[in-house]
Amino acid sequence: MLAIESSCDETAAAVIDEQYRVRSSIVASQAALHARFAGVVPEIASRAHLERILPVIDEALAMAGCTLQDLSVIAAVTGPGLVGSLLVGLTAAKTLAWTLGLPLVGVDHIEAHLFACQMSLPPGESAFPAVGLVVSGGHSNLYECRSATDIELLGSTLDDAAGEAFDKAASVLGLSYPGGPAIEAAAASGRSDAFAFPRSFIKEPQRLEFSFSGLKTSLLYEVRGLPGSTVNPPELTSQRIADLAASFQQAVVDVLIEKSRHALRLTGHKRLLVGGGVAANTLLRERLRELSRTDGIQTIVSEKSYCTDNAAMAAIGWEHFRRGNVLPLGADVRPGLVRKARN
C-alpha cells in the first residue's frame with residue numbers, strides 16, 4: 001500500500017505491507033517555512049505540498065524498492081486538517097488510483113495517530129479496546145477506542161491544543177518554532193516548581209475537556225507583567241526562561257496525565273494509547289510510564305518517529321481495505337471532521 005499524508009505542514013508518503021511492516025517512510029517538513037510566523041500558514045502549507053508531493057512519493061517508492069505496478073492499494077488522509085493541504089494529498093492519491101486501476105482508501109488522521117500505537121506491538125497483539133489520547137499541535141482529545149476504526153470522542157480542548165500552547169509559549173519566551181521541542185530543551189535546566197501555573201479542570205473527574213488558555217495567560221503575565229500595572233516584570237534572564245519553560249511544561253503534562261486517568265476510570269479500560277506530536281515529549285513519556293506503575297494499566301505510546309505527522313501510521317488503511325471501506329473517486333476531504341462526544 002502507498003499511503004499519503006498531507007493534512008497540515010508535513011508532506012509524507014510511505015509504503016506499507018499487509019503485516020504493517022513499513023518498507024519506507026518519507027516526510028518533508030515545512031517547519032522552516034512557517035517559523036517566521038510561529039505557526040502554520042495554510043496557504044503556504046498547501047503550496048509547499050504541491051511542490052513536494054511527487055518527489056516525496058517517488059522517494060518512498062525508491063526506498064521501498066518497488067514501482068507503481070507493485071502496489072495493491074492507495075491510501076490518503078482525508079481529514080481532519082487544512083482543506084488546501086488535504087486536497088493536494090487526496091488528489092494525488094485519486095490520480096494514482098485511477099491510472100493504476102487500484103482501490104482508494106481514506107484514512108482518518110486521528111485514527112492513524114492512535115493506530116501508530118498498534119504498530120509498536122508484536123504481530124498478533126491488539127492495542128484495542130482502550131482509551132486513546134491524541135495530543136498534538138491541532139488536537140488534545142480523549143477517545144474511547146473500541147477498535148482501530150471505531151472510536152468515540154470523550155473530551156477535547158475548549159481552546160488551544162497542547163502543541164499550539166507550546167508554540168505560543170515559546171513565542172512569548174523568545175524561543176524557536178516549533179515550540180514543543182524548544183520548550184522541552186529550555187526546561188531541561190529549569191525548575192518545574194518555580195511558578196504555580198494553573199491546571200484547568202484537573203480536579204473535576206467528570207470533565208474530560210482540556211483548556212490551556214488560562215495557563216498561556218499566566219505565562220504572558222509573568223513575562224510582560226499584569227495589564228495596567230506600573231510594576232515592571234523581572235528581567236527575562238536565561239535562568240528565568242528555563243524556569244518558566246519547565247513550569248509551563250509541567251502544568252501541561254500534569255493536565256494530560258490527570259485527564260487520561262479520569263477517562264480510564266470512567267470507561268473502565270485498562271489500556272491507554274497515546275499518539276501525536278506532543279507524545280514525543282520526554283517528560284510526558286516518563287509520566288505515562290509512572291501512570292502504568294501506579295494505576296496498573298498498560299500504556300502504549302507511539303514510537304517517536306511516528307508521533308509527528310507521517311504516512312506510516314496510515315497503515316490503518318489496511319484495516320479499512322479489509323472491511324471493504326473503499327472510497328469512490330468523487331470522494332472529498334473532511335477538514336473539520338468532528339466526532340460526537342459521549343454525553
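The accessible surface of the protein chain amounts to about 14700 Å², and carbon and sulfur atoms account for 52% of this area. These values come from a predicted model, in which the protein chain comprises ten helices and ten strands. Of the 343 residues in the protein chain, 55% are buried. The charged side chains number 31 positive and 36 negative, and the centres of these two sets are separated by 5 Å.

With respect to overall dimensions, the C-alpha atoms of the protein chain occupy a box of roughly 70 × 45 × 35 Å along the principal axes. The radius of gyration of the protein chain is 20 Å, which agrees with the value near 20 Å that would apply to a compact globule because the chain has 343 residues. Where contacts in the protein chain join residues at least 6 apart in sequence, 72% of them link residues at least 24 apart.

Helix H9, formed by residues 282-295, was examined in further detail. Its 14 residues should span 20 Å at 1.5 Å a residue, and the end C-alpha atoms of H9 are indeed 20 Å apart, so the expected and modelled spans agree. The buried residues of H9 include the leucines Leu 283, Leu 284, Leu 288 and Leu 291, together with Arg 285, Arg 287 and Ser 292. In an α-helix there are 3.6 residues a turn, so residues three or four places apart point the same way. The buried residues of H9 pack against helix H8 (238-267) as well as against three strands, namely E6 (130-135), E9 (271-275) and E10 (298-301).

Note on methods. Residues numbered from 1 in each chain as written. Predicted model: local features only at pLDDT ≥ 70, side-chain atom pairs only at ≥ 80, totals over all residues. Heavy atoms only, no water. Helix = DSSP H or I, 4+ residues; strand = E, 2+ residues; numbered from the N terminus. Rg over C-alpha atoms; globule rule 2.2 N^0.38 Å. Buried < 20%, exposed > 50% of the residue type's maximum accessible area, 1.4 Å probe, protein only. Contact = heavy atoms within 4.5 Å. Areas by Shrake-Rupley, 256 points an atom, 1.4 Å probe, with all protein chains shown as cover. Lys, Arg positive; Asp, Glu negative; His and termini not counted. Charge placed at Lys NZ, Arg CZ, Asp CG, Glu CD. Expected span 1.5 Å × (residues − 1).
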